[in-house]
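Student: I would like a close look at a single part of this model, the surroundings of the ligand. Please take it step by step.

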Amino acid sequence: MPDRRRRNPCVVLPLLAAACAAPPAPLPAPTPATQDERMAWWREARFGLFVHWGLYALPAGKWRGEDHHGEWIRDTARIPRDEYTQLQARWNPTAFDADAWARSAAAAGMKYVVLTSKHHDGFCLFDSAHTDWDVGGTPHGRDIVAELAAACARHGLRFGTYHSIMDWHHPDYLPRRPWEAAARPTASADFDRYERHLHAQVEELVRRVRPAVMWFDGEWEPTWTHARGVRLFELCRRLAPAMLVNNRVDVHRDGMAGFSTSAEAVGDFATPEQEVPPDGLPGVDWESCMTMNAHWGWNAADTRWKSADELLRHLIDIASKGGNFLLNVGPRADGTFPPEAEDRLRHIGEWMAGHGEAIHGTTASPFDALAFGRCTVRAGEPVSRLYLHVFTPPPAGELVLPGLASRVLRAFRLGAADAALPVRRVGADVHVRLPTATGGPLPPVVAVDVDGPPVVHRTPSIAAESDVFVDALLVTVAAPGAGLDVHYTLDGSDPTAASPRAGGPIALHGSCTVKAAGFHRGSLVTGTAERRFTQVAPRPPAKVLARGHGLRLARHTVDWQRIPDDRQGLVAEHDAIAAAVALPDGIGERTALCFRGFLDVPADDLYRFALASDDGSRLWLGGELVVDNDGPHGTVERRGAIALGRGLHPLELWWWNRTGEATLSLQWARPGEPFAPVPGAALRH
Ligand code: FHN
């Protein structure tokens, strides 16, 4: 049962009276006829504010001399539950002004706000009937969730709640944090009872503030299952059929990538975190959430603020890939936004004031990567509008739109519609003259109106296992669109309809430049793809004697966001011999591993490597960085290739994990072979 402490009667009595007199909960909104109807406002919005706020703002990231903590401080500083609960009596954000928050969000061009109603520490920013571990038991006593929900309504914003499944306070939640397991016995813990508590709190949130979004998180521990996720998702649907629920209600978000193709996964949108899917997630609703600095919760020592320009480019990049951007602010303990956050919101708002139509209600670019920047689209009849976001002005002074087949009606800089820009067709491409610099917030946006929904013939792809090879390489050329003939050259010249026509794989036996383009009835209709392939000599093996099997493995306690370039000073806490590149049992959080030794290569050849990890990892062979998979992310695989001579090659692999899930795997493949784990027999030390 939730802990019961005597509450301040001057706060409780009005609450009890209010609860008794509370009107019956409103009936659920009508069920949207389709998922498109349910998602419509969210797809139009494209941009929202994430707010991570709670008791963790009080220490501001600092605890017993360390200042790297954030919203996880209860865990990362290993603060015993009873000591952490003392923060409740200090919660008194006298400067909290929900309207000020809502105004800042609206002025930045944001259309919705998602506030942590409860983070992993279990403390609720609303006065819950199901626990005293909430704002009701604080000197401030005000219901933050209710106040912000009302302010959002006043400022035309949708309001959502982030509610953590993981709960480090509730006695029935399991598992305990490893470091406090002994101090918090689990004999009477009942996770089913915790699930009922979680449902009860979700229901009271929905009935009280009717969130437009229920944003779940903390779903990765083994006690949370797909079945529990489905039950919670169905509860949300029953309570508020029009309310959106993110995919972290279930167990299929696949770490920071935020998305999996699991057919059983439930949730209305995918949730990549601190990253943008390189090609978006076609056919999927997705929202990338990011911090402005390096912490979600307030950390006074964190000066790693992303520039306003970088954040704005993230917004544009995400919208150009069909996603939403949920940008986070971690308010200070007094209830105010850090000035650095306010400055960034203001800068973005100044751009959005004149360019919001290029974000809100737009859809993903119809082009492959554009050299000058990004494109968003407002498709329509009889006219569609392409928004060209100019990150890098092209030296030739023209924006090139490869393969645009639509008839161009006009082009102009957004905000200067009366100054038409020259447009010309060059082969399959459309060239738009850059506007002369006319001031205004950057990046400039060029609007191109076309006749009907945009028609783009995508540039052909030139696929191969690698850009380098030792003996021979197979290359495949193909056009994404149907009904086109693809012609190619191997000498770097531009293909024509008379060039060889792509059919099956093309075998290369020497370095060359492949170019390919799409033709329709002999006319060029796509951009031209180009890729350079280089024949290389294999790196000679190291002159070392045969060694014992396995790699030397060193373990370190770290608090990384990246693998540091200087690792000389690191002192290993544990050394061993690893029979394979794999995580030892019981690997903890804030840990780094270094595998060192030699790779025994069976023959001269090009070797491809696939390195997958949560969080970051890097692989060096012979001192050359072959795979860079560094960064705070979920399980992500990145690949690289290197030509190696038969024999032993020095190998160094670094891996690290901050918090949450931990994974590591290393696979290799020779040309034409499938990837397979690097066998222990190939590892020496
Ligand atoms: O552990 C949380 C973290 O504190 C933060 O809330 C982010 C934001 O989505 N989500 C989890 C990490 O994936």
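How far is an oxygen atom of the ligand from an N or O atom in the side chain of Arg-248?

Tutor: This is a predicted model, and the separation you ask about comes out at 3.3 Å, between a ligand oxygen and an N or O atom in the side chain of Arg-248. With a cut-off of 3.5 Å for a pair of N or O atoms, the pair at Arg-248 is a polar contact. The protein covers 95% of the 330 Å² of accessible area that the ligand has on its own.

Two further side chains belong in the picture. For His-120, the distance from a side-chain N or O atom to an oxygen atom of the ligand is 2.8 Å. For Glu-273, a polar side-chain atom is placed 2.8 Å from a ligand oxygen. His-120 and Glu-273 also appear among the residues that come nearest to the ligand, a group completed by His-52, Glu-71 and Asp-217. That group is drawn from 16 residues around the ligand. By type, the shell divides into 8 nonpolar, 3 polar and 5 charged residues.

As for the chain that holds this site, the assignment splits the protein into four parts: domain 1 (9–18 + 36–358), domain 2 (373–451), domain 3 (461–535) and domain 4 (551–684). His-120, Arg-248 and Glu-273 carry numbers that fall in the 36–358 segment of domain 1. Elsewhere in the chain, the C-alpha centres of domain 2 and domain 4 are 45 Å apart.

Technical notes:
Residues are numbered from 1 along each chain as its sequence is written. This is a predicted model: local features need pLDDT of at least 70, side-chain atom pairs count only at pLDDT 80 or more; totals for chains, interfaces and linings use all residues. Side-chain values use heavy atoms; hydrogens and water are left out. A residue is near a molecule or strand if one of its heavy atoms lies within 4 Å of it. A polar contact is a pair of N or O atoms within 3.5 Å; within protein, one must be able to donate a hydrogen and the other to accept it, and residues adjacent in sequence count only if both atoms are side-chain atoms. Accessible areas come from the Shrake-Rupley method with a 1.4 Å probe; for residues, only the protein chains shown count as cover. Ala, Val, Leu, Ile, Met, Phe, Trp, Tyr, Cys and Pro count as nonpolar, Asp, Glu, Lys and Arg as charged, and the others, Gly among them, as polar. Domain bounds come from an automatic or database domain assignment.
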